[in-house]
Amino acid sequence: MTHVALDQDRAAGSLYRKVAADLREAITSGTFGDAGRLPAEGALAEQYGVSRGTVRQALAMLRADGLVTSRRGTRRVVLGTARVQSFSELLSFTHWARSMGEEPGGRLESLIKRPADAAEREQLRLEPGTEVYVTLRLRTLSGTPVMVERTVYPPRVGEVVAELPPDVVSHTEPLREHGILFTDADHTIDVVAANADDARLLGCRRGSPLLREKRRTTDPTGTPVEWSQDRYLPGTVAFSIHNSLASSALSRHARDND
């Protein structure tokens, strides 16, 4: 892990995010090992040249991501080394990757326009005979393949996607510029066997297990804007959920941009 002196004159929000990003990189690279303990708050504050309050904010972010936990009378304990997506970040692979200090990448493998099948019509609330745009994309983190993304778009969204460059990193951001907002989503997570396309793109064996996240995303009016399934290589991502008795639904809060 590379430790750098952080500029004390910068905004506190930027400081704790930088500390969190550095510690996250160390955790995901296995520096502390599973169930290992992080240095004490005082040691971390001295190491980074920041206050203990800034360190606590950084550790709180890591705890929210499911990377560390605290046990009474001990220092923070590492829960695991897989990258963690909060449910808010599942709305954008690019947003999540950048929050992790990774460089997101995307490559369009195919884009076709065809009539929606029954399941797609149900998910996207389309009339029989409506044509949809179907994309197959490889997603990477700092050049390493981690996920195959299959997305079905309704006509008004697909028409915009079809005009984007094939190597565009994010679909969400240019769609936002066209007034198409991704504001809420339903997620289903399970395990599936890699098919021929998955094996070719991810470099795994056909039939090997992949973590699948199915997602239907809606705009502020509740209108579906995508029906997607993302297939991740094992060990490349983990998912965190926060539940509360105060609410009957999962809470999704987008983080501020750095």
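Me: What makes a stretch of chain a helix or a strand here?
Reply: Helices and strands are DSSP runs, with at least four residues for a helix and at least two for a strand. In this predicted model, the protein has eight helices and 10 strands.

Me: Where does Arg-216 sit among them?
Reply: Look at strand 8, which covers residues 209-218; Arg-216 lies in that strand.

Me: Why is Arg-216 called buried?
Reply: Buried means under 20% relative accessible area. The value for Arg-216 is 17%, so Arg-216 counts as buried.

Me: And why is Arg-114 called partly exposed?
Reply: Partly exposed lies between the two limits, under 20% for buried and over 50% for exposed. Arg-114 has 26% relative accessibility, so this residue counts as partly exposed. You can find Arg-114 in strand 4, residues 104-115.

Me: How much of the protein counts as buried?
Reply: The figure is 46% of the 258 residues. As for the surface, the protein exposes about 13,200 Å², and 47% of that comes from carbon and sulfur atoms.

Me: What makes the link between Arg-216 and Gln-123 a polar contact?
Reply: A polar contact needs a pair of N or O atoms within 3.5 Å, one able to donate a hydrogen and the other to accept it. The side chain of Arg-216 reaches the backbone oxygen of Gln-123 at 3.1 Å, so the distance meets the cut-off.

Me: Which residues does Arg-216 contact, leaving aside neighbours within four places in sequence?
Reply: Among them are Glu-122, Gln-123, Asp-184, Asp-186, Glu-226 and Trp-227.

Me: What does Arg-114 touch, not counting residues up to four places away in sequence?
Reply: Arg-114 touches Glu-120, Thr-130, Glu-131, Val-132 and Val-134. Glu-131 is 17 residues from Arg-114 along the chain, yet their C-alpha atoms are separated by 5.1 Å.

Me: How do you know that there are cavities in the structure?
Reply: Rolling a probe the size of a water molecule over the atoms shows where empty space is left. A search of the whole structure finds two cavities of 30 Å³ or more. The second largest cavity holds about 30 Å³ of space.

Me: What makes seven residues in the lining of that second largest cavity nonpolar?
Reply: Leu, Val and Pro are among the types that count as nonpolar. The lining includes Leu-108, Leu-111, Val-161, Leu-164, Pro-165, Pro-166 and Val-168, so these residues belong to the nonpolar class. Arg-137 and His-171 also line the cavity; Arg counts as charged and His falls among the polar types. That fits the tally of seven nonpolar, one polar and one charged residues.

Methods: Residues numbered from 1 in each chain as written. Predicted model: local features only at pLDDT ≥ 70, side-chain atom pairs only at ≥ 80, totals over all residues. Heavy atoms only, no water. Buried < 20%, exposed > 50% of the residue type's maximum accessible area, 1.4 Å probe, protein only. Contact = heavy atoms within 4.5 Å. 1 Å grid on protein atoms, 1.4 Å probe; cavity = no way out; pocket = protein on both sides within 12 Å on 5 of 7 lines; lining within 4 Å. Points joined across faces, edges and corners; volume = space filled by probe spheres on them. Areas by Shrake-Rupley, 256 points an atom, 1.4 Å probe, with all protein chains shown as cover.
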